[in-house]
Amino acid sequence: MTTIGIIGAGHIGSALARAFSGLGYDVVISNSRGPESLQDLVAELGPKVSAASAYDAAAAGDIAVVTVPLRALRDVPVEPLAGKIVLDTNNYYFERDGHIDALDRGETTTSELVQQHLPASKVVKAFNHILAGDINTTGLPAGAPDRRALGTASDYPEAIEFVTGVYDALGFDTVNAGPLSESWRLERDRPAYVARQTADQLRENLAKANRLP
Ligand SMILES: NC(=O)c1ccc[n+]([C@@H]2O[C@H](COP(=O)([O-])OP(=O)(O)OC[C@H]3O[C@@H](n4cnc5c(N)ncnc54)[C@H](OP(=O)(O)O)[C@@H]3O)[C@@H](O)[C@H]2O)c1
């Protein structure tokens, strides 16, 4: 069975632990304070979910999720994620993360920063423009007229393929925004951000996004 290693156990990390374990994956989740602090969450989520250090969660995962505040990116373990698909949920909030000039000037994207930090990983933007509370509650069967769509972006087709399968299993259509250099279209303050939208609406919202919000 495939194991998902999750770095970050806050709103998104815990929602994704619930989602992935519900799909039958084994999940190893972590935070900055250590596995002892996650015992209540692990007990609630059941036997497919365990807690570990961030390093051990990264090492245990066949596939990983990085879902920490962007300011903590530099602490995400690099070597145990080499060669792996890494889902990046991160958004940039200068109020929380401090100013990052290259993002402020529209010269890079949050996901490209994650890819730079994890040069041997296959980074894919995922779950960044849906509220944590919506991940396990707003999915619909394939073909439903109002089925919500979520965006993704990656330089690695196999990473897009994995995220597309997960989105579908959770009840969402997928719109591929392209390579990581285009992932700014899914970032904060763009039309697609956190909006509940169908695939057609998401495509329109991606197309009309401005490089600087
Ligand atoms: N909240 C949402 O609805 C939402 C939606 C889409 C995307 N996002 C984005 O996804 C990311 C996570 O958001 P969130 O709302 O889940 O954040 P959050 O609730 O604040 O949780 C952040 C998690 O990251 C952990 N963490 C911090 N530094 C770490 C480190 N060095 N090593 C390992 N774990 C570390 C924290 O652990 P401790 O508590 O032990 O410090 C905590 O478990 C952010 O970039 C956010 O902008 C959020």
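Let's start with the largest pocket in this predicted model, which has a lining of 30 residues. If you want to find its centre, look for Thr-67, Val-68, Pro-69, Asn-90 and Arg-96, the lining residues that lie nearest to that point. The pocket holds about 720 Å³ of space.

What is the lining made of? By class, the largest pocket has 15 nonpolar, 12 polar and 3 charged residues along its lining. Helix H1, which covers residues 11-22, supplies the largest share of that lining, with 3 residues.

Now bring the ligand into view. Where does the ligand sit? The space it takes up is the largest pocket itself. Around the ligand there are 23 residues, and the ones that come nearest are Ala-9, His-11, Ile-12, Ser-32 and Arg-33. Sort this shell by class and you get 10 nonpolar, 10 polar and 3 charged residues.

A few contacts are worth picking out by eye. Val-68, which we met as one of the residues nearest the pocket centre, places a backbone N or O atom 3.2 Å from an oxygen atom of the ligand. Arg-96 is another residue from that central group, but here the side chain is involved: one of its polar atoms lies 3.2 Å from a ligand oxygen. Then there is Ala-132, where a polar backbone atom is 2.9 Å from an oxygen atom of the ligand. And how much of the ligand does the protein bury? On its own, the ligand exposes 900 Å², and 80% of that is buried by the protein.

Before you leave, turn to the second largest pocket. Its volume is about 260 Å³, and its lining is made up of 15 residues. To find the middle of this pocket, look for Tyr-92, Leu-103, Asp-104, Arg-190 and Pro-213, which lie nearest its centre. Which classes of residue line the second largest pocket? There are 5 nonpolar, 4 polar and 6 charged residues in its lining.

As for how such spaces are found at all, a probe the size of a water molecule is rolled over the atoms, and this shows where empty space is left.

Technical notes
Residues are numbered from 1 along each chain as its sequence is written. This is a predicted model: local features need pLDDT of at least 70, side-chain atom pairs count only at pLDDT 80 or more; totals for chains, interfaces and linings use all residues. Side-chain values use heavy atoms; hydrogens and water are left out. A residue is near a molecule or strand if one of its heavy atoms lies within 4 Å of it. A polar contact is a pair of N or O atoms within 3.5 Å; within protein, one must be able to donate a hydrogen and the other to accept it, and residues adjacent in sequence count only if both atoms are side-chain atoms. Accessible areas come from the Shrake-Rupley method with a 1.4 Å probe; for residues, only the protein chains shown count as cover. On a 1 Å grid over the protein atoms alone, a cavity is a set of points where a 1.4 Å probe fits but cannot get out, and a pocket is an open set with protein on both sides within 12 Å along at least five of seven lines; lining residues have an atom within 4 Å of a point. A molecule sits in a cavity or pocket if more than half of its atoms lie within 2 Å of its grid points. Ala, Val, Leu, Ile, Met, Phe, Trp, Tyr, Cys and Pro count as nonpolar, Asp, Glu, Lys and Arg as charged, and the others, Gly among them, as polar. Grid points are joined across faces, edges and corners, and a volume is the space filled by probe spheres set on the points. Helices (H or I, at least four residues) and strands (E, at least two) are DSSP runs, numbered from the N terminus.
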